[in-house]
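Work through the exercises below with the sequence and the model open. Each task is followed by a solution in steps.

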Amino acid sequence: AEEAANALAVGSTSSALAADGSMTHARHFNALDARDVREVLASVEDVVATCADARAWCTYATAERFLRADKGDVKAAKKRLRTTMEWRVQAKPERSCCTKCFGKSLGSHYMQHVGFDKRGRALVYSDIGLAMDRRPASNVEHCVQVLELLEKFLPPYPNDQYIWVCDFHKFGVGNMNPSLAYKCLSLFARSYPERLELMVFVEAPKIFNGLYKTLTAFIDSTT
């Protein structure tokens with residue numbers, strides 16, 4: 001109870017506290033025009049034409065998700081999806097693995113999929129202070145691995161999201177790297193939009209306040 005009281009929650013959708021203390025969420029969007037969805041999807045046909053993995057990932061549901069993320073703005077959704085698909089074709093994230101965790105130490109990072117909630121949404125848990133590696137590039141690589149593994153287990157819309165519980169156990173000044181947080185958040189916004197349902201900060205210390213205020217300037221207002 002004490003930890004819950006000290007937790008700071010950041011959600012991507014509207015939230016409400018139910019009578020039993022559980023958090024309920026509603027994803028309110030105007031109905032998408034199927035013609036707009038097809039236009040967004042068709043805009044990357046040239047990008048995915050030679051890559052079977054990218055083609056399999058870029059479905060009608062994917063185009064819907066990107067269009068929802070850009071609030072129905074077809075031009076913005078096409079731009080975001082093209083950037084993502086060009087990255088996927090080149091980086092092949094569906095085949096990625098964290099080179100630090102597998103090549104050096106399994107304790108390099110501490111972020112993993114731990115289960116599902118009652119609605120079938122994935123639960124991700126991380127402990128910033130326990131992670132031994134603090135370099136932005138390798139942490140982004142680890143995030144990609146976790147998110148890619150989640151993709152195949154997520155249920156259909158509207159529960160096709162995950163909840164991230166971020167524990168600040170042993171968090172210190174050495175963890176205050178805005179570049180690391182910014183690169184991870186940029187990855188989520190660019191290539192995994194509409195996936196993060198809720199982020200819960202558990203016992204975030206006062207020294208985190210400054211970093212949090214800095215990062216909010218780069219986060220979409222809906223988030």
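The exercises concern a predicted model and cover cysteines, nonpolar cores, aromatic pairs, charges over rings and one strand.

**Exercise 1. Cysteines**

Task: Determine how many disulfides the model holds, and decide whether cysteine 98 and cysteine 166 are buried or exposed.

Solution:
- Step 1. A disulfide requires two cysteine sulfur atoms within 2.5 Å.
- Step 2. For cysteine 98, the closest cysteine sulfur belongs to cysteine 101 and lies 3.6 Å away, which is too far for a bond.
- Step 3. The count of disulfides is zero.
- Step 4. Buried means under 20% relative accessible area. Cysteine 98, at 0%, is therefore buried, and cysteine 166, at 4%, is buried too.

**Exercise 2. The largest nonpolar core**

Task: Find which residues of the largest nonpolar core touch the most other members, and which elements supply at least two residues each.

Solution:
- Step 1. The core has 28 residues, and those touching the most other members are Val124, Leu150, Tyr162, Trp164, Leu187 and Phe188.
- Step 2. At least two residues come from each of strand 5 (122–127), helix 8 (136–151), strand 6 (162–167), helix 9 (178–191), strand 7 (196–202) and helix 10.
- Step 3. With six residues, helix 8 gives the most to this core.
- Step 4. Take leucine 187 and set aside neighbours within four places in sequence: its contacts are Trp87, Val140, Cys143, Val144 and Tyr192.
- Step 5. Another core lies apart from this one and has 16 residues, including Trp57, Phe66, Val74 and Ala77.

**Exercise 3. Aromatic pairs**

Task: State how many aromatic pairs there are, then classify the pair of tyrosine 110 and tyrosine 125 and the pair of phenylalanine 201 and phenylalanine 208.

Solution:
- Step 1. The model has 11 aromatic pairs.
- Step 2. Planes over 60 degrees apart count as edge-to-face. Tyrosine 110 and tyrosine 125 have ring centres 6.2 Å apart and planes at 80°, so they are edge-to-face.
- Step 3. Tyrosine 110 is in the loop between helix 7 (99–103) and strand 4 (111–116), while tyrosine 125 is in strand 5, so this pair links distant parts of the chain, 15 residues apart.
- Step 4. Tyrosine 110 is partly exposed at 33% relative accessibility, and tyrosine 125 is partly exposed at 25%.
- Step 5. The rings of phenylalanine 201 and phenylalanine 208 have centres 5.4 Å apart and planes at 85°, so this pair is edge-to-face.
- Step 6. Phenylalanine 201 is buried at 6%, and phenylalanine 208 is buried at 7%.
- Step 7. Phe201 and Phe208 belong to one aromatic cluster with Phe168, Phe171 and Tyr212.

**Exercise 4. Charges over rings**

Task: Locate the ring under arginine 88 and the ring under the charged end of arginine 190.

Solution:
- Step 1. Arginine 88 lies over the face of tryptophan 57, 4.1 Å from the ring centre.
- Step 2. Arginine 190 has its charged end over the ring of tryptophan 87, 4.7 Å from the centre.

**Exercise 5. Strand 7**

Task: Explain why strand 7 counts as largely enclosed, and give its pairing with strand 6.

Solution:
- Step 1. Seven of the seven residues of strand 7 are buried, so the rest of the structure largely encloses this strand.
- Step 2. Strand 6 and strand 7 pair in the parallel sense, over six bridges.
- Step 3. Cysteine 166 has phenylalanine 201, in strand 7, as its bridge partner.

Conventions:
Residues numbered from 1 in each chain as written. Predicted model: local features only at pLDDT ≥ 70, side-chain atom pairs only at ≥ 80, totals over all residues. Heavy atoms only, no water. Buried < 20%, exposed > 50% of the residue type's maximum accessible area, 1.4 Å probe, protein only. Core = buried A, V, L, I, M, F, W, Y, C linked by side-chain atoms within 4.5 Å. Helix = DSSP H or I, 4+ residues; strand = E, 2+ residues; numbered from the N terminus. Contact = heavy atoms within 4.5 Å. Phe/Tyr/Trp six-rings, centres within 6.5 Å; stacked < 30°, edge-to-face > 60°. Lys NZ or Arg CZ within 6 Å of the ring centre and 35° of its normal. Pairing = 2+ DSSP bridges.
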